Amino acid sequence: MHPANHVEISGGLKDQRLLVNDVIEHCVDNLIPRVRTLWIEVLLDNYEESDNVYGFCSHLERNQFLVELDKQQNIYNLILTTCHEMAHVKQGVRGEDMSETDAWKLQSKLAHAYIKDKMGMKIKDLKLIETRI
């Protein structure tokens, strides 16, 4: 990810923030590598319990986004949800419609590439880990 881009993460545990930041960098490098003016604020909180969702992405203006992620997810789902919301960031940056269909298509591809390449794990092994970090 280009150093001019900015990601700010709050809430959750330190290991969750580190993981989410790494996944976001992976997604930016793969989806929108030429973007140099990206600003993403990420909030890790309890959304599934109150809103029955694992994540949200709000396009604030131009290349500014607010991503909200449920901190109670296990590791695999946190990676998957982060990738899903980053697909929406890509849509916003490119001026595309915020399509759930496209985000669903991209999330597994991005998440599985991250798990295999960056974590050096098999998908099935990570899915067996039910705890969150």
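Modeller: Angles under 35 degrees count as roughly parallel, over 145 as roughly antiparallel, 65 to 115 as roughly perpendicular and the rest as oblique. The model here is predicted, with local features needing pLDDT of at least 70 and side-chain atom pairs pLDDT 80 or more, while totals for chains, interfaces and linings use all residues. Residues are numbered from 1 along each chain as its sequence is written, and side-chain values use heavy atoms, without hydrogens or water.

Biologist: Thanks, that helps! Why are H1 and H3 called oblique to each other?

Modeller: Helix H1 (residues 14-31) packs against H3 at about 40°, with the axes 9 Å apart. The axes are lines fitted to C-alpha atoms over the stretch in contact, with angles from 0 to 180 degrees between N-to-C directions. The helices are DSSP runs of H or I with at least four residues, strands are runs of E with at least two, and both are numbered from the N terminus. An angle of about 40° is neither under 35, nor in 65 to 115, nor over 145, so H1 and H3 are oblique.

Biologist: Which way do H1 and H3 cross, left-handed or right-handed?

Modeller: Their crossing is right-handed, the term for a near helix turned clockwise from the far one by less than a right angle (anticlockwise would be left-handed).

Biologist: What makes the contact of H1 with H3, by class of residue?

Modeller: It has 13 nonpolar, two polar and one charged residues. Here Ala, Val, Leu, Ile, Met, Phe, Trp, Tyr, Cys and Pro count as nonpolar, Asp, Glu, Lys and Arg as charged, and the others, Gly among them, as polar. Contact means heavy atoms within 4.5 Å, and the H1 residues involved include Leu 19, Val 23 and Ile 24, while those of H3 include Ile 79, Met 86 and Lys 90.

Biologist: And what is H3 called relative to H4?

Modeller: The axes of H3 (residues 75-93) and H4 (residues 100-118) come within 7 Å and cross at roughly 130°. That angle lies outside 65 to 115 and is not over 145, so H3 and H4 are oblique. Their crossing is right-handed, and the residues in contact divide into twelve nonpolar, six polar and three charged.

Biologist: Why is H1 described as roughly perpendicular to H4?

Modeller: H1 and H4 pack at about 115°, with axes 10 Å apart. The perpendicular range includes 115, so the pair counts as roughly perpendicular. The contact is made by residues including Leu 19, His 26 and Asn 30 of H1 with Leu 106, Tyr 114 and Lys 118 of H4, among others. By class it has eight nonpolar, two polar and two charged residues.

Biologist: How do you know that Glu 96 and Lys 90 form a salt bridge?

Modeller: A salt bridge needs a side-chain nitrogen of Lys or Arg within 4 Å of a carboxyl oxygen of Asp or Glu. Glu 96 and Lys 90 have that N to O distance at 3.0 Å, and the structure holds one salt bridge.

Biologist: Is each partner of that bridge buried, exposed or partly exposed, and what are the values?

Modeller: Buried means under 20% relative accessible area, exposed over 50%, and partly exposed in between (1.4 Å probe, protein chains only). Lys 90 has 11% and therefore counts as buried, whereas Glu 96 has 31% and therefore counts as partly exposed.

Biologist: What makes Gln 91 buried?

Modeller: Its relative accessibility is 1%, so Gln 91 counts as buried. Gln 91 belongs to helix H3. Leaving aside neighbours within four places in sequence, Gln 91 contacts Glu 96, Asp 97, Met 98, Ser 99, Asp 102 and Ala 103.

Biologist: What about Val 42, buried or exposed?

Modeller: Val 42 has 0% relative accessible area, so it is buried. Val 42 lies in strand S2 (residues 39-45). Beyond neighbours within four places, Val 42 contacts residues including Val 7, Val 20, Ile 24 and Leu 69. Ile 24, in helix H1, is at 0% relative accessibility and also counts as buried.

Biologist: Last one: what makes the phi of Arg 62 worth a look?

Modeller: Most residues other than glycine have a negative phi. Arg 62 has a positive phi near 35°. Arg 62 is in the loop between strands S3 (55-61) and S4 (64-70), and at 68% relative accessible area Arg 62 is exposed.
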